[in-house]
Amino acid sequence: MDGDGVVDVVVVGGGVVGLTAAIRLAERGLRVRVRSRDGVAGTTSAVAGALWWPYRIEPAAEVGAWALASLRVYEELAADPAATGVRLVSGVHADTRLAGLGGWAREVGGLRQLAPEEVPGPYGVGLAARLPLIDMPVHLGWLRQRFEAAGGIVGHGAVTSLREAAATAPVVVNCTGLAARELVPDPGMRAVRGQLVLVENPGVDTWFTAADGASSETTYFFPQPGRLILGGTAQEDDERAEPDAATAAAIVARCARIRPEIARARVLGHRVGLRPARAAGVRIEAEPLPGGGLLVHDYGHGGAGVTVAWGCADRVAELVCGS
């Protein structure tokens, strides 16, 4: 199947949500093309930290199952971290109690409530965990290779409308993230700005998070190959694409309160990503198109697209294939 060939499905959006959905469909034998405005390095997914954890995502009743399905995939992929970018890494979720989590937490092996003296920084409670930590540039490249190995095609260029995409295939899967605001259109979509600082790793080999869902400031660091990722922010309705110097300095200072050596780490770069949040939570549903086609939506994942990608992809495959 070449770039101009007939396809069964067009997936619009080439981030982690779009690529995982495309893989599930292609591996069921469908002819699938991904249309993406940006290469994988230019997607919001490429900026992600990215630790598996249901963070800033709704609806709670469904998120747990999607997240656990994805967790099982990442646990398998962690067997070959150099290829997949997925590693199992230990760390601490500060300011978090097991009793405050959903039923999904019972299915996550190794979660442990810490004694107050075990929690770093000015936090009285926290959880210890060993979770998938995903090096997104590597992982996105691996996803594309897996998709293409299943016969899929990746094409670049903006899609101006879902109707345009529907003219090229009988099934369209909408994984456009924040762009769904205009393409659907869905006025419930809103940007949540995340800013990160990349520094040389001064010897940190565990991750740490302290993320208050009601605050625009978060504190986290993730050790990735060749760098330590520091965060972060959760600034609603802020669509500034450029890093802010004062925000970056505050991020470093917050992380250094947990690990003082971070204050002296050489800065390698800055990143900004706009999380695609949706007031009503993730939208995964199918609707008929004129002429007998099918449009399947899979967007609005907020700050947890990586966490639920595979579970959502399974649901997309069910809607497209019927089982």
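I count a residue as buried when its relative accessible area is under 20%, and I keep that cut-off in mind for the entries below, which concern a predicted model.

**Entry: the whole chain.** I looked up the secondary structure first and found that the protein chain has eight helices and 15 strands. The radius of gyration is 19 Å, close to the 20 Å that the globule rule gives for 323 residues, so the chain is as compact as a globular protein of that length. I then noted that the C-alpha trace spans about 65 × 40 × 35 Å along its principal axes, and that 54% of the 323 residues count as buried. Among contacts with a separation of 6 or more, 73% are made by residues 24 or more positions apart. The chain exposes about 13,500 Å², and carbon and sulfur atoms supply 51% of that area.

**Entry: helix 8.** I turned next to helix 8, which takes in residues 305–321 and reaches 22 Å from its first C-alpha to its last, close to the 24 Å expected for its 17 residues. Following the helix along, I found a kink of about 35 degrees centred on Gly311. Just after the helix, Gly322 takes a positive phi of about 90 degrees.

**Entry: cover on helix 8.** Which residues of helix 8 are buried? I found the helix mostly covered, with 12 of its 17 residues buried. The list runs from Gly305, Val306, Thr307, Val308, Ala309 and Trp310 through Gly311, Cys312 and Ala313, and is completed by Val316, Ala317 and Val320. Gly311, where the kink is centred, is thus itself one of the buried residues.

Definitions and conventions:
Residues numbered from 1 in each chain as written. Predicted model: local features only at pLDDT ≥ 70, side-chain atom pairs only at ≥ 80, totals over all residues. Heavy atoms only, no water. Helix = DSSP H or I, 4+ residues; strand = E, 2+ residues; numbered from the N terminus. Expected span 1.5 Å × (residues − 1). Bend = angle between axes of the 7 residues up to and from the residue. Buried < 20%, exposed > 50% of the residue type's maximum accessible area, 1.4 Å probe, protein only. Rg over C-alpha atoms; globule rule 2.2 N^0.38 Å. Contact = heavy atoms within 4.5 Å. Areas by Shrake-Rupley, 256 points an atom, 1.4 Å probe, with all protein chains shown as cover.
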